[in-house]
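Reader: Before I accept any label put on a structure, I would like to see the criterion behind it. Could you show me the structure and then take the labels one at a time?

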Amino acid sequence: MFHRPRLKIFLIFSCLLSSTLALENQPPACYNLNMSFFVSLGIVILAMLIMACLQLQPGIFSLFYHYASGKYSKSRASDMTLFFILGAETAAACLFFCSYLFANLFFFYRFRPETSFFAWVMAGILLALAFMGFFCYYRAGQGTKLFIPRRCAQNLDHAARSVKTRSDAFTLGALSSVCELPFTLPLYIITSVEIMEMSVEFFPSHLLTILYIVIPTIPLFITRWKFQLGYNLADIQKSRVKDKAFTRIILCFSYVAISILFIYFRILT
Amino acid sequence: MIDETTEKSLVKTLKIDAKAIGIPAGAADIFIQKSLAAAKKSLASRKLITEKDLKRALVKELKKYSADFAYVYENRDKII
């Protein structure tokens, strides 16, 4: 029956067309709800991917773990790193809720005609970040020198070196979250409202909020686990250098994908 | 000639690095002292020694004892 390729293509296209028409004939509210939910989920997952790919926090963390294990016993260093991670998560949670309030206050993202200008601004920022993620996130040259000013990097290095107590480690973790803000603030603003506006009964949005805060710290747990397995800073840094180009590409594509989803489903539709 | 305080702080930092990498304290002391002495010797003919010169010479010497140790010392400022 399907010997002729043209007939095959015609049948496939007709099936696709009929399924599209069938989708369009469904009740619009239900369709919008489902689409909106999946678009929100897609944006949040992409944002999680970006946040997990960012390298400043793992960089500071590996420096901190290295210095801590050089100065203190293994158990104390391991204990202090937990407080670093806790600090990073606390800062992420605070930033998430602050950005939600910020977005609500300024009507950045309510898909109303009067606020579409701000939505376009957010989309523009995301596209700019895609460009910056590819070209400016890593500085040119050997190693994994990041976008932050050199003086700031030196201060962070000094802070990682001079951590003595758990509270210092907690503060350093929080500080590392704040230093990543140029690349994460638009994501926080968009995802906070996307998560809060998910109104589907079967899917608890609070769970997604927790996941959104916890998943970006998975690289820290992996780094900690690697240190505990016996890897040293040289091994970890070599793997970071090896993955540099891949991280760039992932960052760029994820930012572009988020901005396309955002523009198509939240501004144009 | 390397400044005494610079040398002290350098040795302290290198000891921390060595312990973090997992080199035993005694061996680390020997590596550091030998590498520093060799680096000083190779730079003795120069009138002006910059930080980069010292680092390059020290990395070259440290590589003989531990590649990871040398890598960490060389790339510490290139991590973030």
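Author: Two residues are in contact if their C-beta atoms, placed from the backbone, lie within 7 Å. Among the contacts in chain A between residues at least 6 apart in sequence, 82% join residues at least 24 apart, whereas in chain B residues 24 or more positions apart account for 39% of the contacts with a separation of 6 or more. This is a predicted model, in which local features need pLDDT of at least 70 and side-chain atom pairs count only at pLDDT 80 or more, while totals for chains, interfaces and linings use all residues. Residues are numbered from 1 along each chain as its sequence is written, and chains are lettered from A, with ligands numbered from 1, in the order in which they are written.

Reader: What makes up the secondary structure of chain A, and how many helices does chain B have?

Author: Helices (H or I, at least four residues) and strands (E, at least two) are DSSP runs, numbered from the N terminus. By that criterion the secondary structure of chain A comes to 12 helices and 0 strands, and chain B has 4 helices and 0 strands.

Reader: Why is chain B called as compact as a globular protein of its length?

Author: The radius of gyration is taken over C-alpha atoms, and the globule rule is 2.2 Å times the number of residues to the power 0.38. For the 80 residues of chain B the rule gives 12 Å, and the radius of gyration is close to that at 12 Å, so chain B is as compact as a globular protein of that length. The C-alpha trace of chain B spans about 35 × 30 × 25 Å along its principal axes.

Reader: Why is A:Ala234 called buried, and what makes A:Ala52 partly exposed and A:Phe131 exposed?

Author: A residue is buried if 20 or more other C-beta atoms lie within 10 Å of its own, exposed if 12 or fewer, and partly exposed in between, with the C-beta atoms placed from the backbone. A:Ala234 has 22 such atoms within 10 Å and is therefore buried; A:Ala52 has 17 C-beta neighbours inside 10 Å and so counts as partly exposed; A:Phe131 has 12 and is therefore exposed. A:Ala234 is found in helix α11 (residues 233-242) of chain A, A:Ala52 in helix α2 (residues 28-53) of chain A, and A:Phe131 in helix α5 (residues 116-135) of chain A. Over whole chains, 36% of the 269 residues of chain A count as buried, and buried residues make up 32% of the 80 residues in chain B.

Reader: Which residues does A:Ala52 touch, and which are in contact with A:Ala234?

Author: Not counting residues up to four places away in sequence, A:Ala52 touches A:Ile215, A:Pro216, A:Ile218 and A:Pro219. A:Ala52 and A:Pro219 are 167 residues apart in sequence and 6.5 Å apart in space, C-alpha to C-alpha. With neighbours within four places in sequence left aside, A:Ala234 is in contact with B:Asp68, B:Tyr71 and B:Val72.

Reader: How do you know that the buried residues of α3(B) line one face of the helix?

Author: The buried residues of α3(B) are B:Ala57, B:Leu58, B:Glu61 and B:Leu62. Seen down the helix axis, they fall within an arc of 135 degrees, so they line one face of α3(B); the arc is that of the directions from the helix axis to the C-beta atoms. What covers these residues includes α2 (25-43) and α4 of chain B.

Reader: What makes the span of α3(B) close to the expected one?

Author: The expected span of a helix is 1.5 Å times one less than its number of residues. Helix α3 (residues 51-65) of chain B has 15 residues and reaches 21 Å from its first C-alpha to its last, close to the 21 Å expected. Helix α3 (residues 56-71) of chain A, with 16 residues, reaches 23 Å, close to the 22 Å expected, and α3(A) is mostly covered, with 15 of its 16 residues buried.

Reader: Which residues of chain B's side of the interface are in play, by element and by kind?

Author: In total, 13 residues of chain B are in contact with 23 residues of chain A. The elements that give two or more residues to that side of chain B are α1 (4-21) and α4 (67-75) of chain B, and the largest share, 5 residues, comes from α1(B). The residues on that side divide into 7 nonpolar, 2 polar and 4 charged, where Ala, Val, Leu, Ile, Met, Phe, Trp, Tyr, Cys and Pro count as nonpolar, Asp, Glu, Lys and Arg as charged, and the others, Gly among them, as polar.
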